[in-house]
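Visitor: I'd like a close look at a single part of this protein. Could you take one helix and then walk me outward from there?

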Amino acid sequence: MGRLVRSPDITIVGAGAIGAACAWQLAQAGLDVTMIGDASAPAASSVAAGMLAPVTEAEFGEEALLKLNLVSSELYPGFIEELNDAAGVDLGYRRCGTLMVARDSDDNRVLEQIHAFQRRLGLAAQRLSGRAARELEPVLAPRTRGAILVEDDHQIDPSAFVDALRRAAVAAGVEERVGHVVEVGRGFVRLEDGTTLSSGKVVVAAGSYTGTIRGIAEMVPVRPVKGQLVHLRARRGALLPTRNIRGLDVYVVTRADGRVVVGASVEEQGFDVTRTAGAVHDLLREAYAILPGITELEFVGVTAGLRPATPDNAPVIGEIAPDVIVATGHYRNGILLTPITARAVAALVDGRSDEVVASFGAQRFATEGVAG
Ligand SMILES: Cc1cc2nc3c(=O)[nH]c(=O)nc-3n(C[C@H](O)[C@H](O)[C@H](O)COP(=O)(O)OP(=O)(O)OC[C@H]3O[C@@H](n4cnc5c(N)ncnc54)[C@H](O)[C@@H]3O)c2cc1C
């Protein structure tokens, strides 16, 4: 009798936040799912700072992305509650708000423009004087010139989040595999060792590495953008900010247990993840200018990860060939965009399209043929 080879309904390439959330969601819908991660391709998801900040991340010219970020932000509390129930771990989720601060009058003029942009878009953001900002967060530099308060931003511990998603996926019946996928096509993925795995559909959520997989790279222009973070820790009882604090070139995320993350560099260095003295110097200098007390904190270390970026900084979520779906290119906001991406991928697998992601397909990058 021949050996029975299991062929799942869905193979997911990628076990970062996006892959694991899609796997969890699809398994909950009753599908037989295999999720493949690659130990030699570390997930950006575990490195992220964990700000869930649609409003303070809003950039001029990225209004469509802002809408997507806002929808995902609204899904977060429900998503976290479900994940808490499924994984039973503390995800460090806090509705803490963000304070964007100006360290001098030049910064304050920039904040004025940002606030005008936020108001034009109808976003909830309140302009504060430097004094009012320091009343909210006494650890801010005495010379703080002004601020914008965004109450609705939140934060999560991304490493706990990804672990919980993987755990919830496995508990829902997902089979986890380790392997390096080199090619994807209709109903199959091919591994580096020559093994071919068949399945009904394939979902590619390989983050920055998506552009290295044959069959996908040609259609989805994703590149890695390196980011470095400095990790600090406060002694018990130390006075710390209670909100996410952002300057124009740095942000500081304080977790409830006293861990502090200072981020992040933005570097076009290909797949390099070397941690550099220069990035540490720049980040600490910028953070010190807005929060001088950080020099008292314990230095824990530096991490580096690769943001999956596309030419317009927005994700690619859609079917790119029959039975081949991609969910990648989440760049600066992949942790924030996890709930909406998982929902959209579940709809696509089911043959439906989620209106919210309709304009985020790969077709927007298709080059038109030139006649003659
Ligand atoms: C420094 C930094 C700070 C950030 N801060 C924030 C933040 O505050 N808030 C926020 O929302 N986002 C933040 N981000 C962005 C966020 O981390 C990413 O957008 C998100 O993690 C992308 O998730 P992903 O699952 O698509 O990719 P990844 O997490 O990179 O996962 C990719 C997965 O694919 C697997 N894989 C890759 N290639 C293959 C292959 N060939 N075969 C098999 N498996 C493969 C990998 O092993 C991995 O499991 C930050 C990113 C960085 C680098």
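Visitor: Which residue follows H5, and what is the sign of its phi?

Guide: H5 is followed by Gly173, whose phi is positive, near 110°. Before we go on, two bits of housekeeping. Residues are numbered from 1 along each chain as its sequence is written. The model is predicted, and local features need pLDDT of at least 70, side-chain atom pairs count only at pLDDT 80 or more, while totals for chains, interfaces and linings use all residues. Names like H5 come from DSSP runs numbered from the N terminus: helices (H or I) have at least four residues and strands (E) at least two.

Now for the helix itself. H5 covers residues 158-171, which makes 14 residues. From its first C-alpha to its last, H5 reaches 20 Å, close to the 20 Å expected at 1.5 Å a residue (the expected span is 1.5 Å times one less than the number of residues). Its buried residues are Pro158, Phe161, Val162, Ala164, Leu165, Arg166, Ala168 and Ala169. Here is the yardstick: with C-beta atoms placed from the backbone, a residue is buried if 20 or more other C-beta atoms lie within 10 Å of its own, exposed if 12 or fewer, and partly exposed in between. Looking at that list, remember that an α-helix has 3.6 residues a turn, so residues three or four places apart point the same way. What covers the buried residues of H5 includes helix H1 (17-28), strand S2 (33-37) and helix H2 (63-87). Contact here is between two residues whose C-beta atoms, placed from the backbone, lie within 7 Å.

One residue of H5 leads us further in. Leu165, along with Cys22, Ala23 and Val345, touches the most other members of the largest nonpolar core, which has 115 residues. A nonpolar core is a set of buried Ala, Val, Leu, Ile, Met, Phe, Trp, Tyr and Cys residues joined through C-beta atoms within 7 Å. H1 gives this core its largest share, nine residues. The core also draws at least three residues from each of domain 1 (10-47 + 159-222 + 312-365) and domain 2 (95-153 + 223-309); domain bounds come from an automatic or database domain assignment. In soluble globular proteins, nonpolar side chains tend to be buried together.

Let's stay with Cys22 for a second. Setting aside neighbours within four places in sequence, Cys22 is in contact with Ile12, Val203, Ala205, Ala327, Ala342 and Val345. Ala342 and Val345 are among the buried residues of another helix, H7. That helix spans residues 338-349, has 12 residues, and reaches 16 Å from first C-alpha to last, close to the 16 Å expected at 1.5 Å a residue. Since 11 of the 12 residues of H7 are buried, H7 is largely enclosed by the rest of the structure. Its buried residues pack against strand S1 (10-13), H1, H2, strand S12 (201-204), S18 and S19. Just after H7, Gly351 has a positive phi of about 85°.

S18 and S19 have a residue worth checking between them. Asp323 is found in the loop between S18 and strand S19 (324-328), and its phi is positive, about 65°, although it is not a glycine. With 16 C-beta neighbours inside 10 Å, Asp323 counts as partly exposed. Asn313, in the loop between S17 and strand S18 (316-321), also has a positive phi, near 65°.

S17 takes us on to the ligand. The shell around the ligand has 43 residues, and the closest are Gly14, Gly16, Gly207, Gly227 and Gly334; a residue is near the ligand if its C-beta atom, placed from the backbone, lies within 6 Å of it. S17 supplies the largest share of this shell, four residues. H1, S2, strand S13 (223-233) and strand S17 (298-309) each supply at least two. By class, the shell has 24 nonpolar, 16 polar and three charged residues (Ala, Val, Leu, Ile, Met, Phe, Trp, Tyr, Cys and Pro count as nonpolar, Asp, Glu, Lys and Arg as charged, and the others, Gly among them, as polar). Domain 1 and domain 2 both give residues to the shell, so the ligand lies between them. The C-alpha centres of the two domains lie 30 Å apart, and their contact takes 13 residues from domain 1 and 10 residues from domain 2.
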